[in-house]
Amino acid sequence: MGLHYLIALRRLHSGIAPVTVRRRAAGYNDAAPTDARIASATAVRRLIAGGGLDAAVPYLPPFTADILAREFAAGRGPVTWENLAAPLFHQLLLASPEQLRACHEMTEGLEYRIKKALPLLEKPTVSELLAKLKTKRYTYTKLQRTLLHALLQHPRDLLTPEALAEGPGYLRVLAFSNRGQELLKRMKKRAKLPVVTRAAELDHPQLTLDIRAAAAYANGMPVRQAEQLFREYRQPPIRV
């Protein structure tokens, strides 16, 4: 197992600089734990899928385990690729190769490979589709990103390097304190970008993608709830 590094961000006087942090005891994408206390995210997800949350608790901070227990009990998790299989296959089956090609990261003829693979599946699962599509050229990581773009209908033109270089189109507030509230009052008058506290306040392509992703995730929850499907519109910023 080679050395793997995570990128941490450290705030300096001149801005933000990248700092390397050595990965210990678990390699990137390790399928199973090799340490009594440390496991990769992939291993943690597999433990939860195979044995429930209790199987993963030894590798989680207590507050993380508490949050997951609360969310699972409420039917809001876990959400895996297979929870999203139905809407994903709906998109892939109905779209033409040309329509798939318009999705971000759909490159090198992958749209044709997807269309050819679909009739060959014994079971319509995402894991089997990934196995059919996997080649040296198309890694699992690349394929999962591309399928996610197809699921969410991410248009290629909105996510090009040139488009992303233009920066964000708005500032979205997720939470604030009393001090932050005073700052927000000033920002709404002086900020160069729109300051958004509710999704309905702004019609912007980037915000539309954000809302779409949250709704798709909620649609894949074990217990589908209208409250979660439209949470982006209903949930105000949290006061801390």
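**Reading helix packing, burial and backbone geometry**

Visitor: At what angle do helix H4 and helix H8 pack, and how far apart are their axes?

Guide: In this predicted model, helix H4 (residues 85-94) and helix H8 (residues 140-152) pack at an angle of about 80°, and their axes lie 9 Å apart. H4 is therefore roughly perpendicular to H8, since angles from 65 to 115 degrees are placed in that class.

Visitor: Which residues of H4 and H8 meet?

Guide: From H4 come Pro-87, Leu-88, Gln-91 and Leu-92, and from H8 come Leu-147, Ala-150 and Leu-151. By class, the residues of this contact divide into 6 nonpolar, 1 polar and no charged.

Visitor: I should like to place this contact within the whole chain. How many helices and strands does the protein chain have?

Guide: The chain has 13 helices and 6 strands. Its C-alpha trace spans about 60 × 50 × 40 Å along the principal axes. Of its 240 residues, 31% are buried. Among contacts with a separation of 6 or more, 49% are between residues 24 or more positions apart.

Visitor: How should burial be read along a single helix? Which residues of H6 are buried?

Guide: One lists the buried residues and then considers their directions around the helix axis. In H6 the buried residues are Leu-110, Glu-111, Ile-114 and Ala-117. They cover an arc of only 130° around the axis and so lie on the same side of H6. These buried residues pack against H4, helix H5 (97-101), helix H7 (126-133) and H8.

Visitor: Glu-111 appears in that list. Why does Glu-111 count as buried?

Guide: Glu-111, in helix H6 (residues 110-117), counts as buried because its relative accessibility is 4%, and the cut-off for a buried residue is under 20%.

Visitor: What does the side chain of Glu-111 join through a polar contact?

Guide: The partner is the side chain of Arg-101, at 2.8 Å. With residues up to four places away in sequence set aside, Glu-111 touches Pro-97, Leu-100, Arg-101 and Met-106. Arg-101 thus appears both in the polar contact and among the residues touched.

Visitor: Which residues of helix H1 are buried?

Guide: In helix H1 (residues 41-51) they are Thr-42, Ala-43, Val-44 and Ile-48. Their cover includes helix H2 (53-56) and helix H3 (62-73). Just after H1, Gly-52 takes a positive phi of about 80°.

Visitor: How is the sign of phi to be read in other residues, and what is usual for a peptide bond?

Guide: Most residues other than glycine have a negative phi, and most peptide bonds are trans. Departures from either pattern can therefore be picked out for inspection.

Visitor: Where is Glu-105, and what is its phi?

Guide: Glu-105 is in the loop between H5 and H6, and its phi is positive, about 70°, although it is not a glycine. Glu-105 counts as buried because its relative accessibility is 18%. The loop between H5 and H6 also holds Glu-108, a residue other than glycine whose phi is positive and near 55°.

Visitor: Which residues does a cis peptide bond join, with omega about -5°?

Guide: The bond joins Gly-77 and Pro-78. Pro-78 is in the loop between H3 and H4. Gly-77 is also touched by Glu-71, as is Arg-76, when residues up to four places away in sequence are not counted. Glu-71 lies in helix H3 and, at 17% relative accessibility, counts as buried.

Visitor: Is Lys-134 buried or partly exposed?

Guide: Lys-134, in the loop between H7 and H8, is partly exposed, with a relative accessible area of 33%. Leaving aside neighbours within four places in sequence, Lys-134 is in contact with Arg-113, Thr-139, Tyr-140 and Leu-143.

Visitor: How should separation in sequence be set beside separation in space? How far from Leu-193 is Lys-134?

Guide: The two values are read together for each pair. Lys-134 and Leu-193 are 59 residues apart in sequence and 42 Å apart in space, C-alpha to C-alpha. For Phe-230 and Leu-193, the values are 37 residues in sequence and 25 Å in space, again C-alpha to C-alpha. Phe-230 is found in the loop between helix H12 (226-229) and helix H13 (231-234), and is partly exposed, with a relative accessible area of 42%.

Note on methods: Residues numbered from 1 in each chain as written. Heavy atoms only, no water. Helix = DSSP H or I, 4+ residues; strand = E, 2+ residues; numbered from the N terminus. Buried < 20%, exposed > 50% of the residue type's maximum accessible area, 1.4 Å probe, protein only. Polar contact = N/O pair within 3.5 Å; in protein donor to acceptor, adjacent residues only side chain to side chain. Contact = heavy atoms within 4.5 Å. Axes fitted to C-alpha atoms, helices over the stretch in contact; angles between N-to-C directions. Parallel < 35°, antiparallel > 145°, perpendicular 65-115°, else oblique. Nonpolar A, V, L, I, M, F, W, Y, C, P; charged D, E, K, R; others polar. Arc of directions from axis to C-beta.
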